[in-house]
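Here is a short walk through a two-chain structure, written for someone who would rather be at the bench. Have a look at the sequence and the model, and then we can go through them together.

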Amino acid sequence: MEFVAFAIAMAVAFQAVKGYRLARERTLLYLNFSFLLLGAGLLVDGLANLIVLLSKFHRNFLFLSRIGYTIDFLAQLVAYGILVVVYLQQTRAWNSQLAAAALPVVLLENNPLTELVLIFLLVYISGQSAINYNVSKTTNSLLVFGAFTSLVVAHVFFLLFTIAPIFFPFAHISQLFGFLLLLGMLFKVNQTQ
Amino acid sequence: MRVIQREENQAKPTRILYGANLSHDRLVKYLDELKALGVIQESGNDEKVYSLTQKGIEFLNNFRKVEAFAGAFGFKI
């Protein structure tokens, strides 16, 4: 499922860069970076899950899956962070005096703290897309709102997965559903006359 | 360009001036730029009329898609 979501993320990134080439709007470039990172994270996550499967046959692969999860988490953190920053700039709530926190890079496992950070970012992004839908009332904005909400739900399930493995498939289905909604938005945009 | 398209692809300068809410100097400047880019063309001897070229129509269609895409995320172009 990650590979499907990766392909859709790349399609969104491509649409964004196409738009940037035409309109030279920086927000589209940031959107491109964001979805490129998301796609990269999803690809790594997909490969990491394959590695986890292989780890059943060889213990050494477990270490690689931790690297995979770390890269995926960092990619999502930066990707959603970029979107949050862009939304903040749009609403003029941007404070230029940002303290750059240098976080030591440690290898992470799927744990509640990392998921909470991503949920926090995604809830903000979902909120912004809800406001946008409320203002514009277009199908495209509804699809984007639905997509980010699905990603929030997905990460809630990933959070619950740290407690009980049964939530794993729900997390991935919800994530895939979110990206399918983005694909629907892309189809609709390309039909615009 | 949108004003020209709204006028069924035959717009006089005055229409464009009011439709786009431009000053005369800016209008002349932008029309010259658009002509140089090949997205609009001028016709008529006594009374100038502007229309979109095929390139201009394609550009406008693509720009609409970009606007729809950016608008889906709540970004204004």
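Are H1(A) and H4(B) parallel or oblique to each other? This is a predicted model, and everything below should be read with that in mind. Helix H1 of chain A covers residues 2-23, and helix H4 of chain B covers residues 54-72. Their axes come within 10 Å and cross at roughly 125 degrees. An angle over 145 degrees would count as roughly antiparallel and one from 65 to 115 as roughly perpendicular, and the crossing falls in neither range, so H1(A) and H4(B) are oblique to each other. The crossing of H1(A) and H4(B) is also left-handed.

**Where the helices touch**

Which residues make this contact? From H1(A) come Gln15(A), Gly19(A), Leu22(A) and Ala23(A), and they meet Asn62(B), Phe63(B), Val66(B), Phe69(B) and Ala70(B) of H4(B). Sorted by class, that contact has 6 nonpolar, 3 polar and no charged residues.

Now for the two chains as a whole: 23 residues of chain A and 15 residues of chain B take part in the contact. On the chain B side, the class counts are 9 nonpolar, 4 polar and 2 charged residues. The table sets the two class counts out together.

| Contact | Nonpolar | Polar | Charged |
|---|---|---|---|
| H1(A) with H4(B) | 6 residues | 3 residues | no residues |
| Side of chain B that touches chain A | 9 residues | 4 residues | 2 residues |

**Chain A**

Chain A has 6 helices and 0 strands, so its elements read α-α-α-α-α-α from the N terminus on. Of its 193 residues, 40% are buried. Take the contacts in chain A between residues at least 6 apart in sequence: 69% of them join residues at least 24 apart.

**The hairpin of chain B**

Chain B also has a pair of strands, E1 (residues 40-43) and E2 (residues 49-52), which run antiparallel and are joined by 4 bridges. Within that pair, Glu42(B) stands opposite Tyr50(B) in E2(B). E1(B) and E2(B) form a hairpin with 5 residues between them, and in the turn Gly44(B) has a positive phi of about 90 degrees.

Glu47(B) sits in the loop between E1 and E2 of chain B. Is Glu47(B) buried or exposed? Glu47(B) has 9 other C-beta atoms within 10 Å, so Glu47(B) is exposed; the cut-off for that class is 12 or fewer. From C-alpha to C-alpha, Glu47(B) lies 19 Å from Ala20(B), with 27 residues separating the two in sequence.

Terms used:
Residues are numbered from 1 along each chain as its sequence is written. Chains are lettered from A and ligands numbered from 1 in the order in which they are written. This is a predicted model: local features need pLDDT of at least 70, side-chain atom pairs count only at pLDDT 80 or more; totals for chains, interfaces and linings use all residues. Two strands pair if DSSP finds at least two bridges between them. Helices (H or I, at least four residues) and strands (E, at least two) are DSSP runs, numbered from the N terminus. Axes are lines fitted to C-alpha atoms, for helices over the stretch in contact, and angles run from 0 to 180 degrees between N-to-C directions. Angles under 35 degrees count as roughly parallel, over 145 as roughly antiparallel, 65 to 115 as roughly perpendicular and the rest as oblique. A crossing is left-handed if the near helix is turned anticlockwise from the far one by less than a right angle, and right-handed if clockwise. Two residues are in contact if their C-beta atoms, placed from the backbone, lie within 7 Å. Ala, Val, Leu, Ile, Met, Phe, Trp, Tyr, Cys and Pro count as nonpolar, Asp, Glu, Lys and Arg as charged, and the others, Gly among them, as polar. A residue is buried if 20 or more other C-beta atoms lie within 10 Å of its own, exposed if 12 or fewer, and partly exposed in between; C-beta atoms are placed from the backbone.
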